[in-house]
Amino acid sequence: MVHQEQISLSTKPNGDMHDLTDKVDRIVKNSGIRTGIAHIFNIGSTAAIGTIEFEPGLQKDLPEILNKLIPPSREYGHEQTWHDGNGHSHLQATILSPSLTVPVRNGRLELGTWQQIFHLECDVKPRQRQIIVTIYGE
């Protein structure tokens, strides 16, 4: 069986994080699937999906370390082509990934106690984001 729903988000620029865990868990429950996988996918190339302990320190640390590792710069090839200021945004999102797969067991997401599903905005402007959640299983 396959069940699919969409989550819509309004984000702030670079570094805005959202905890999607409860929304995805609700979709799993709506699906009626007891055993399988949940696939969470961000539509777009400048935001990421992952897991983290969703607490204020890490909500600050993750965007900061990404901006140190891949800082805004006009030197990226993307900037030479498009001049839109978000070359680093594409690279940050690519390194983290636009999607995540989580096991479903007994009709629930199989996550650790301190493991939540997050969405991270890497782009330089606010965005309207669509996240597709697909539950596969039985």
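Hi everyone, let me start with one pair of side chains: R74 and E79 form a salt bridge, and their closest N and O atoms are 3.2 Å apart. The two partners sit in contrasting surroundings. R74 is exposed, with a relative accessible area of 53%, whereas E79 is buried at 2% relative accessibility. Please keep in mind that this is a predicted model.

How many salt bridges are there in the count? There are seven. Let me show you two more of them.

One joins the side chains of R108 and D25, with 3.0 Å from N to O. Look at where these two residues come from: R108 is in strand β6, residues 108–109, and D25 is in helix α1, so to speak a bridge between distant parts of the chain, 83 residues apart. R108 is partly exposed, with a relative accessible area of 45%, while D25 is buried, with a value of 8%.

The other is between R129 and E121, whose closest N and O atoms are 2.7 Å apart. Are these two buried or exposed? R129 counts as buried at 1% relative accessibility, and E121 counts as buried at 0%. While we are on this topic, D25, K29 and R108 belong to one network, joined by salt bridges that share partners.

Now let's move on to the sheet. Here is a reminder for anyone new to this: strands of a sheet pair through backbone hydrogen bonds, either parallel or antiparallel. In our model there is an open sheet of five strands, in the order β1-β8-β3-β5-β6, and the pairing is antiparallel. Which strands stand at the edges? They are β1 and β6; each has a single partner strand, so one side of each is left without a neighbour in the sheet.

Let's walk across it. β1 and β8 pair over ten bridges, in the antiparallel sense, and along the way S10 stands opposite Q128 in β8. Next, β8 pairs with β3, again antiparallel, over seven bridges. Then β3 is joined to β5 by six bridges, and these two run antiparallel as well.

I37 is a handy residue to click on here. On one strand, β8, its bridge partner is Y136; in β5, I37 stands opposite P103. I37 and Y136 also turn up together at the surface: with V2, they make a nonpolar patch of about 270 Å². V2 belongs to strand β1, which covers residues 2–11, and V2 counts as exposed at 56% relative accessibility.

From the surface, let's go inside. The largest nonpolar core has 18 residues, and the ones that touch the most other members are I7, L20, V24, I40, I117, I131 and V133. Which elements supply at least two residues each to this core? They are β1, α1 (21–31), β3 (36–42), β5 (99–105) and β8 (127–137). There is also a second, separate core of eight residues, including M17, I52, L66 and F118.

Next comes helix α4, residues 87–96, where G87, H88, S89, Q92 and A93 are buried. It helps to remember that an α-helix has 3.6 residues a turn, so residues three or four places apart point the same way. What do the buried residues of α4 pack against? Their packing partners are β4 (47–52), α2 (56–69) and α3 (77–82). Just after α4 comes S97, which takes a positive phi of about 110°.

My last stop is A47, which has its place in strand β4. At 1% relative accessibility, A47 counts as buried. Leaving aside neighbours within four places in sequence, the contacts of A47 include A93 and S97, both of which you have just met, and also E121 and R129 from the salt bridge earlier on. Others among the contacts of A47 are N42, P98, H119, L120 and C122. For a sense of distance, the C-alpha atoms of A47 and N67 are separated by 14 Å, and these two residues are 20 apart along the chain.

So, if you open the model afterwards, try starting at I37 and stepping to its partners, Y136 in β8 and P103 in β5. Then find A47 and look for R129 and E121 among its contacts. Thanks for listening!

Terms used:
Residues numbered from 1 in each chain as written. Predicted model: local features only at pLDDT ≥ 70, side-chain atom pairs only at ≥ 80, totals over all residues. Heavy atoms only, no water. Patch = residues over 30% accessible without salt bridge, like charges linked within 9 Å, V, L, I, M, F, W, Y side chains within 5 Å. Areas by Shrake-Rupley, 256 points an atom, 1.4 Å probe, with all protein chains shown as cover. Salt bridge = Lys/Arg side-chain N within 4 Å of Asp/Glu carboxyl O. Helix = DSSP H or I, 4+ residues; strand = E, 2+ residues; numbered from the N terminus. Buried < 20%, exposed > 50% of the residue type's maximum accessible area, 1.4 Å probe, protein only. Core = buried A, V, L, I, M, F, W, Y, C linked by side-chain atoms within 4.5 Å. Contact = heavy atoms within 4.5 Å. Pairing = 2+ DSSP bridges.
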